[in-house]
Amino acid sequence: SHNLSVVEFLCDRVAVLYMGKLAANKGTSRLVEIAERAQLDCPLAIVGDGPDRDALESAAARSPRDVRLVGWVDQMQTSRWLKHASLLIFTSRGPESLSRVLIEASAFGVPIAAMNTGGTPDIVVHGETGLLSNTWEGLADDVWRLRHDEGVAAWLGSAARKRAQAR
């Protein structure tokens with residue numbers, strides 16, 4: 001299947017982004033549910049591939065929200081997606097080592113809503129460079145907040161960029 005390019009996808013529209021493997025330990029099965037609970041008013045772009053892709057595609061097809069599966073993209077495209085993202089959702093609940101996507105999103109000043117697991121708190125400081133949650137509902141509420149409170153989103157994104165540059 002043809003993977004959408006960021007240009008075809010966005011046409012100047014901003015997107016909420018998930019980037020990574022689509023698998024159980026990444027928590028990706030909850031992405032459509034999160035988009036619905038957060039009442040997303042813009043597309044959720046799911047960039048990546050993995051065993052959860054088919055289930056996500058059927059959940060996306062049934063959802064009233066605009067959820068699109070993009071497939072794998074190369075490093076240059078990754079940067080392009082991050083440049084256009086209004087926020088990054090990080091659903092991983094595994095004991096993750098430092099995640100590259102969190103570091104890259106921070107460097108681009110993209111505010112992050114993430115699950116409070118593994119190495120995530122080493123990169124995302126709750127209330128300072130992003131929002132961390134211990135529950136799916138909390139994560140969806142954080143996504144809603146970052147979409148609706150531009151001041152908070154901008155402040156967190158800019159603090160994340162500064163922290164990434166200082167590393």
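1. Helix α8 contributes the most to the lining of the largest cavity, giving three residues. The model discussed here is a predicted one, and the points below start from that cavity before turning to the largest pocket, the chain as a whole and one arginine.

2. A search through the whole structure turns up one cavity of 30 Å³ or more. The space in the largest cavity is about 50 Å³. Its lining consists of I103, S106, I123, T129, A160, R163, A164 and R167. Two or more of these lining residues come from each of α5 (100–107) and α8 (150–166). By class, the lining of this cavity holds four nonpolar, two polar and two charged residues.

3. The largest pocket encloses about 300 Å³ of space. There are 18 residues in the lining of the largest pocket, and those closest to its centre are M19, G20, K21, R100 and V101. The elements that supply two or more residues to this lining are β1 (15–19), α4 (75–84) and α5. Among the contributors, α5 gives the most, with three residues. Seven nonpolar, five polar and six charged residues make up the pocket lining.

4. Helix α5 deserves a second look. This helix gives two or more residues to the lining of the largest cavity, and α5 also gives the most to the lining of the largest pocket. Residue I103 is named in the cavity lining, while R100 and V101 are among the residues closest to the centre of the pocket.

5. What is the order of the elements along the chain? Starting at the N terminus, they run α-β-α-β-α-β-α-β-α-β-α-β-α-α. In total there are eight helices and six strands.

6. The chain has 167 residues, and 53% of them are buried. Of the contacts with a separation of 6 or more, 70% are between residues 24 or more positions apart. The accessible surface is about 7900 Å², and carbon and sulfur atoms account for 50% of that area.

7. Is R147 buried or exposed? This arginine sits in helix α7 (residues 136–148). R147 has a relative accessible area of 18% and therefore counts as buried, the cut-off being under 20%. Leaving aside residues up to four places away in sequence, R147 touches V14, V16, L40, D41, C42, S86 and L87.

Conventions:
Residues are numbered from 1 along each chain as its sequence is written. This is a predicted model: local features need pLDDT of at least 70, side-chain atom pairs count only at pLDDT 80 or more; totals for chains, interfaces and linings use all residues. Side-chain values use heavy atoms; hydrogens and water are left out. Helices (H or I, at least four residues) and strands (E, at least two) are DSSP runs, numbered from the N terminus. Buried means under 20% relative accessible area, exposed over 50%, partly exposed in between (1.4 Å probe, protein chains only). Contact means heavy atoms within 4.5 Å. Accessible areas come from the Shrake-Rupley method with a 1.4 Å probe; for residues, only the protein chains shown count as cover. On a 1 Å grid over the protein atoms alone, a cavity is a set of points where a 1.4 Å probe fits but cannot get out, and a pocket is an open set with protein on both sides within 12 Å along at least five of seven lines; lining residues have an atom within 4 Å of a point. Grid points are joined across faces, edges and corners, and a volume is the space filled by probe spheres set on the points. Ala, Val, Leu, Ile, Met, Phe, Trp, Tyr, Cys and Pro count as nonpolar, Asp, Glu, Lys and Arg as charged, and the others, Gly among them, as polar.
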